[in-house]
Amino acid sequence: MAACGAQAPSSEQAWLEAAQTFIQESLCPTDKELNVQFTQSVIDCVKTVWLSQGKYQGFTLPLSYSFVSVQNLRTHQRLPCCSHLSWSSSAYQTWAQKARPNGVPLPRERLLLVGTLTDLSGDLEQGSRNGSLYVKDNTGMLGCELIDLDLSWLGHLFLFPSWSYLPPARWNSSGEGHLELWEAPVPVFPLTVSPGPLTPLPVLYPEIASRLLRHRSKFRVEQQNLAGKLIQLSALVKSKKKAYFILSLGELSPTISQAISHVSIIVQIPAQLVWHRALCPGKAYVLTQLRVSRIRGHHYCVWMTSPSSHLMLLEPECVQELELEGPFLEADSKSLPTSSNFQDKKEPKGLMRDSRLLHYTGTVTGVLNEPAGLYELDGQLGLCLAYQQFHDLRRVMRPGVCLELQDVHLLQSVGGGTTRPVLASCLRGAILLRGFSCQKPGTQSSLQTHGASLYEQLVWERQLSLPLYLWAVKALEELACKLCPHLLRHHQFLQHSSPRNPSLGLQLLAPTLDALAPPSRSIRNAHKEILEEPHHCPLQKYAQLQTPYSFPTLATLAEEGRHRAWASFDPKVLLPLPEAAYLPCCQLNHRLAWSWICLPPAAFHPPQALVGVLVASSHKGCLQLRDRSGSLSCLLLAKHSQPLTDPQLIGCLVRTEKFQLVVERDVRSNFPSWKELGMTGFIQKQQARVYVQFFLADALILPVPRSFHHSSAPPQTESTCLGQSRLFLLSHKEALMKRNFCTSLGTTSEVPKPTLSFHVSGCWLGGTQKKERIGWGPPEPLTDENKDQKVLLIFLGSSVRWFEFLHPGEIYRLVAPGPATPKLFEVEGSSCTSQRPLELAGCVSCLTVQDEWTLELESAQDLPDMLGIHKALSGSLLTDLLGANVFLLPCSVTDSLVSFSAEILSRTVWNTEVRRCVKLTVAIGTADSEFLPRLDIYIEDPHLPPPLGLLPGARVHFNQLEKRISRSHNVYCCFRSSTYVQVLSFPPETTVSAPLPHIYLAELQQGTWGPFQATASCHVISVVSLQLLWVCAHCTSVCPQGRCIRQGPACSIQTSISQASIRLLVEDGTAEAMVTCRNYHVAAALGLCPNEWTSLLEFIRKPGRVVLKFTGPGAQLESSAKIEEPLILYLHTLCTSPSVLRPVVLSFELERKPSNITPLEPPRLQRFQCGELPLLTRVNPRLRLACLCIQESSEHPNSQGAFASSC
Ligand SMILES: [Zn+2]
Ligand SMILES: [Zn+2]
């Protein structure tokens, strides 16, 4: 700031001295000697500008300002700044206000900048021109941007009264900052005004000029001057070969016939490229010395500037229209080059829209994605600059910049997640800078810095349409947010893609992009895009894009799954009436204890794609997908029925569009009865387990180079090159569960804690191999050839991470890094584990896999011949694993361990304080066998929670289950510690419930495995018994008068539910069967409509229980309450009436479980009386069936029930 008055003279002196030194060093022409006149001119110029601001604080010199050289700015000015010599403080304050509230104004420095304005980069001899502008002094040069360039300024020395300096942004590899020149520069020496031409300049106006082009074959066209109004200005196109732009001149005041007359002029002389900055649409210009030239590869000609051409503003008094003679002066209609040979892509016509071409002037209000060229304009429009080359503009772009967009495309409702209209410039229209921003550039995130060349690739090489481009940019942002910077670096993820070094980002999008925009061979032709009418460019036509995929973070996906699972949890839907009405409360709550939903990608809008890095958890032993937001457990299969075996998949990036998001719901509830199912208060505890399951065959798997994981990976030390390994063939794997281990020998006082672990058994294949330069060396000879090579490997601690990759029948290489230790893999026995499992497994040696050891999958083909004997073994194990039913129930009663593949039919859970247990009901066998035997499998602690994927509909291989026999002689199975479960396939996404087979009853008496469930058309011969009762929902004891009669302790909740059962004798002409119907099926069996059934049950409420048994003619009654004659009479009449004894279609299942091992009753002899003759015949035991559904036979005349008309 200004010093006080007394010091003024001396400080002015000091300022002047400093100024003179600076000017001499930095500004004076180097080839001249000390030039006092020059120095004085510069100081005078500074003085004039300083005094012009009015409030100069009493000093005639700007003492608070100091001169700055270009080099000083470049090397010392690390922060953006601005300097306004001609502005007062209040003027600056007003200006700075414009940056707020969303931005920070550029801080003000008091610097004086003087330099030469030039379009020549470098010095005269070596410099080149490409249309850029620079400020130059003796110390160097800096790129600059200027609004409204006057061509006469070039090459002159100026004082810049108002400017800002922006140091290079992080993305800017050139490392050069730039200047933004706010006001017109003030010349240090008066500019010489070139006098106008002495004689009026002969010019052609556009209409004649364009006719001349068409008739050039008939006339030799001389160099001409063209005059007209600038009506179109293209972008400055820079290719490897050359740079150029095209402008169009139109008539000054067009008449109707001239309305469309315009003439295009190509400017491609390097020294003239700077004109692009001086041209202003709407103004009239004269371009001199133009010649006609044909554009290579095109059938039409254009006007082109020559090296001697000049650009000047049109002043009517200085020009004169050139008189030409010839036939071409007659007007003709074919005036414009028209596009003839471009083919529209075959798109569905109705979906394509045309964008609108318009001019627009607006202010940038936001930077959406700078490398991708996406900005926000005036708070409501999107702006996409990617279809132009916008490098030069990019450094200027920030909120507050004012732009004039020539011939910009307006695209509305582009879809793909973009909601607002988008303006996008192709090469036809220039983007003109109309105002700088007073805001300081914001700090840029890595996402805002990298990727420019990848985005360019999407537009220029992949030729994406704008909707697809906007989606791809958004998708890359989503993916970068998921994966960077913890899993990958931004610059690695968004790097330019080349065949040798593909960009991971693009690889992840490729499946979608390939489907929606197959790589096209045609490249954009800038000349056509600018010149041809009608206009054709990538932005001209577009179709609204349905968002193909979004890439949610794993945490979002899991949260969404959880949210949907609980939103759709409705006990009334899980337990629909009428079934729920007959369930006592304990059954009701068990049925609600476990349920699941499966969400395919299509369940989301837009569909979701799953992306994450595959990791194996060393804490849980499961596989997980991981991104920055967290991890999500997953169940993977290589493909159908094929487990994951290759540990190299760890660390790979996985992307799939086909997956199932599974949410398992565990609920602990105490609903007293079905009536309260709508009330949420009875849910005590609820929790969800979320995971995804998919086939790797459906996924894109991208290995992530190691350097990506850790940018500063330790250099390969000698020890990492060392190592030893040994091959083993895996024959059995046991469950991953908590087992007791002594953690170490030294600390015996510690109580052994259950540790998560698993064992595998197998045998060594050959001896230990040492690492050599290329691969593994030959196996060491075995010390004892005859010794059994069986081994038990124990995985505990972080080595449980290998669990998902180890499968019987596969050969693995166990690798121990570091220097070779003799007999590392030959530890005899183990002190860490008891000897018993070893004995059980029949293994000689037992080895604990160390945390740092790794596993590799070996394919059997790659192994030398010495392994020949083991190949056969591995093959048989594979068939054992994946093969058909190896579980023959009746034959293997004695063998307590069984293995089989089965489809899970249902899963129920007991989830109480007392007992936690999961029951799986499975259908054993392969899918192609018609009738599948069923079996129950129980999973209890410590095997809870069950492994992932044990879902109804899934096919699973169960290995070494323990077989048990219940008191009722049914076989069931239990998990034990040796059990190993492998999911073979996931539940189908759409379950088509096949209709039950329609059979004759006699078919059930043949063969060992009849259908378990079927349908038969049969006739009800008689009712054998009928029981109707009301029981306590809590304790299920009978409730006469609606009250529970249980004594000590009496039930506190008095809710009663009805129960019913009926036994019918049916026959279908081939056999007889006894059918038991329960609960609401009784109503159907009796042919009662719902109202009749409800009223009947109400009559029973008072006695509590009514039992009828029919033994021959007449009914014998047994009841817990007083006999109500009319009721019994009614029931008796009903049960013997044709409305019950009628033909029906019966769906049933066998009452006797297929897993029941008691031998079937043999046929017995029965005596019949046929008239006088007694007959003795062999009769099969009567079939016993349980009713699943009774439907009226279509043959029965009264199919609506006994009293249908009364309902
Ligand atoms: Zn266009
Ligand atoms: Zn009770």
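Modeller: A residue counts as buried when its relative accessible area is under 20%. Keep that cut-off in mind as we go through this predicted model.

Colleague: Happy to. How is glycine 505 classed by that cut-off, buried or exposed?

Modeller: Glycine 505 has 0% relative accessibility, so it counts as buried. This glycine belongs to helix H11. Setting aside neighbours within four places in sequence, glycine 505 touches Leu476 and Phe493. You can also check a distance on screen: its C-alpha atom and that of glutamine 492 are separated by 8.7 Å, with their positions 13 residues apart along the chain.

Colleague: And what does the whole protein look like in numbers?

Modeller: There are 22 helices and 57 strands. The protein has 1207 residues, and 49% of them count as buried. Its accessible surface is about 58,300 Å², with 54% of that belonging to carbon and sulfur atoms. Take the contacts between residues at least 6 apart in sequence: 72% of these join residues at least 24 apart.

Colleague: Let's turn to helices. How do I read which way the residues of a helix point?

Modeller: The general idea is that an α-helix has 3.6 residues a turn, so residues three or four places apart point the same way. For a case here, take helix H8, residues 452-460. Its buried residues are Leu454, Tyr455, Gln457, Leu458 and Val459. They pack against strand E20 (356-369), helix H9 (466-483) and helix H11 (504-516).

Colleague: What should I look for in a strand?

Modeller: In a regular strand the side chains alternate between the two faces of the sheet. Now look at strand E3, residues 111-118: seven of its eight residues are buried, so the rest of the structure largely encloses it.

Colleague: Which strands pair with E3, and in what sense?

Modeller: Strand E1 (residues 66-67) pairs with E3 in the parallel sense over two bridges. One place to find this pairing is phenylalanine 67, whose bridge partner in E3 is leucine 112. Strand E6 (residues 157-160) pairs with E3 in the antiparallel sense over four bridges, and glycine 115 has phenylalanine 158 in E6 as its bridge partner. Strand E4 (residues 133-137) also runs antiparallel to E3, joined by three bridges; there, threonine 118 is matched with tyrosine 134 in E4.

Colleague: Now the metal. Which residues are the protein donors of the zinc ion (ligand 1)?

Modeller: When reading a metal site, start with the donor atoms, then their angles. Here the donors are His409 (NE2), Cys426 (SG), His535 (NE2) and Cys537 (SG), at 2.0 to 2.2 Å from the zinc ion. The angles among the four donor atoms are 100 to 118 degrees, and the site is tetrahedral. Along the sequence, the donor residues follow the spacing H-x16-C-x108-H-x1-C. Cysteine 426 and histidine 535 link distant parts of the chain, 109 residues apart. Cysteine 426 sits in the loop between strand E24 (422-424) and strand E25 (431-435), whereas histidine 535 sits in the loop between helix H12 (526-531) and strand E26 (541-543). Both of these residues are buried.

Colleague: What can you tell me about E25 itself?

Modeller: Four of the five residues of E25 are buried, which leaves the strand mostly covered. E25 pairs with strand E23 (residues 402-411) in the antiparallel sense over four bridges. One bridge to find is the one from cysteine 402 to glycine 435 in E25.

Colleague: Last topic: how many aromatic pairs are there in the whole structure?

Modeller: A search of the whole structure finds 23 aromatic pairs. In one of them, the rings of tryptophan 182 and phenylalanine 436 have centres 5.8 Å apart and planes at 55 degrees, so this pair is tilted. Tryptophan 182 is in the loop between strand E8 (178-181) and strand E9 (186-187), and phenylalanine 436 is in the loop between E25 and H8, so the pair ties together parts 254 residues apart in sequence. With 7% relative accessibility, phenylalanine 436 counts as buried.

Colleague: Which aromatic cluster includes those two residues?

Modeller: Trp182 and Phe436 form one aromatic cluster with Trp87, Tyr92 and Trp95.

Terms used. Residues numbered from 1 in each chain as written. Chains lettered and ligands numbered in written order. Predicted model: local features only at pLDDT ≥ 70, side-chain atom pairs only at ≥ 80, totals over all residues. Heavy atoms only, no water. Donors = N, O, S within 2.8 Å, 3.2 Å for Na, K, Ca; no water. Tetrahedral: all angles 85-135°; square planar, octahedral: opposite > 155°, others 65-115°. Buried < 20%, exposed > 50% of the residue type's maximum accessible area, 1.4 Å probe, protein only. Pairing = 2+ DSSP bridges. Contact = heavy atoms within 4.5 Å. Areas by Shrake-Rupley, 256 points an atom, 1.4 Å probe, with all protein chains shown as cover. Phe/Tyr/Trp six-rings, centres within 6.5 Å; stacked < 30°, edge-to-face > 60°.
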